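Thanks for making the time this morning. I would like to take you through one model, and I will start from a single piece of it and work outwards.

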Amino acid sequence: MERQVLCGIRKGRRDMKTYEVIHEIFNQCPGNHSRDNFIREVDMESPEVWLEAKFRSEKELRMEKTEKEDGSVVYDVMTADVHQRFTFSERSEEHTSELQS
């Protein structure tokens with residue numbers, strides 16, 4: 001699993017949280033219904049801040065947010081003709097420490 005630290009150094013920053021991010025890119029071509037999936041852990045301030053930074057240069061952008069019962073947050077993002085979905089699940093400190101060991 002890929003791990004990123006965004007928005008500064010994590011140590012000493014109480015506003016940073018670790019999220020598991022599942023990124024799905026849906027294929028818009030007719031007859032091809034597959035999608036690309038990526039899973040990584042990212043240290044960030046919040047999913048909203050991370051997504052705004054990721055898509056700040058897009059001219060066409062639409063985001064729909066869904067909060068799931070399990071606590072995860074799903075954003076469906078449309079840029080031009082590309083549909084992407086980001087699922088954010090906050091990781092506990094215990095789980096993050098286990099991964100760093």
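Let me begin with strand β5, residues 73–79, where 6 of the 7 residues are buried, so in this predicted model the strand is largely enclosed by the rest of the structure. On one side, β5 is joined by 6 bridges to strand β4, residues 62–67, and the two run antiparallel; if you want a place to look, Thr-66 has Val-74 in β5 as its bridge partner. These two strands form a hairpin with 5 residues between them, and in that turn Gly-71 has a positive phi of about 95°.

β5 also pairs with strand β6, residues 82–90, again in the antiparallel sense, over 7 bridges, and here Val-73 is matched with Phe-88 in β6. The hairpin of β5 and β6 has 2 residues between the strands, and Ala-80 takes a positive phi near 50° there.

Now, which residues make up the largest nonpolar core? There are 12 of them, namely Tyr-19, Val-21, Val-42, Met-44, Trp-50, Leu-51, Phe-55, Val-73, Tyr-75, Val-77, Phe-86 and Phe-88. The elements that give two or more residues to this core are β2 (17–26), β3 (35–44), α1 (47–54), β5 and β6, and the largest share, 3 residues, comes from β5. As a general background to this, nonpolar side chains in soluble globular proteins tend to be buried together.

One of the core residues deserves a closer look, and that is Tyr-75, which lies in strand β5. Is Tyr-75 buried or exposed? Its relative accessibility is 5%, and because the cut-off for buried is under 20%, Tyr-75 counts as buried. Leaving aside residues up to four places away in sequence, Tyr-75 touches Pro-47, Glu-48, Leu-51, Met-63, Glu-64, Lys-65, Gln-84, Arg-85, Phe-86 and Phe-88. Glu-48 is worth picking out of that list, since the side chain of Tyr-75 makes a polar contact with the side chain of Glu-48 at 2.4 Å, while the two residues are 27 apart in sequence and 9.2 Å apart in space, C-alpha to C-alpha.

Another core member, Phe-55, touches Leu-61, Val-77, Thr-79, Gln-84 and Phe-86, with the same exclusion of residues up to four places away in sequence.

Let me turn to the rings, where the count comes to 6 aromatic pairs. Tyr-19 and Phe-88 form one that is edge-to-face, at 6.2 Å centre to centre and with 90° between the planes. Tyr-19 lies in strand β2 and Phe-88 in strand β6, so this pair ties together parts that are 69 residues apart in sequence. For Trp-50 and Phe-88, the ring centres are 5.7 Å apart and the planes are at 80°, so that pair is edge-to-face as well. Here Trp-50 lies in helix α1 and Phe-88 in strand β6, so the parts tied together are 38 residues apart in sequence. Tyr-19 and Phe-88 are buried, as are both Trp-50 and Phe-88. Ring pairs link Tyr-19, Trp-50, Phe-55, Tyr-75, Phe-86 and Phe-88 into a cluster.

Finally, stepping back to the whole chain, the protein has 2 helices and 6 strands, running β-β-β-α-β-β-β-α from the N terminus on. Of its 101 residues, 33% count as buried, and among contacts between residues at least 6 apart in sequence, 51% join residues at least 24 apart.

Key. Residues are numbered from 1 along each chain as its sequence is written. This is a predicted model: local features need pLDDT of at least 70, side-chain atom pairs count only at pLDDT 80 or more; totals for chains, interfaces and linings use all residues. Side-chain values use heavy atoms; hydrogens and water are left out. Buried means under 20% relative accessible area, exposed over 50%, partly exposed in between (1.4 Å probe, protein chains only). Helices (H or I, at least four residues) and strands (E, at least two) are DSSP runs, numbered from the N terminus. Two strands pair if DSSP finds at least two bridges between them. A nonpolar core is a set of buried Ala, Val, Leu, Ile, Met, Phe, Trp, Tyr and Cys residues joined through side-chain atoms within 4.5 Å. Contact means heavy atoms within 4.5 Å. A polar contact is a pair of N or O atoms within 3.5 Å; within protein, one must be able to donate a hydrogen and the other to accept it, and residues adjacent in sequence count only if both atoms are side-chain atoms. Rings of Phe, Tyr and Trp (its six-membered ring) pair if their centres lie within 6.5 Å; planes under 30 degrees apart count as stacked, over 60 as edge-to-face and the rest as tilted.
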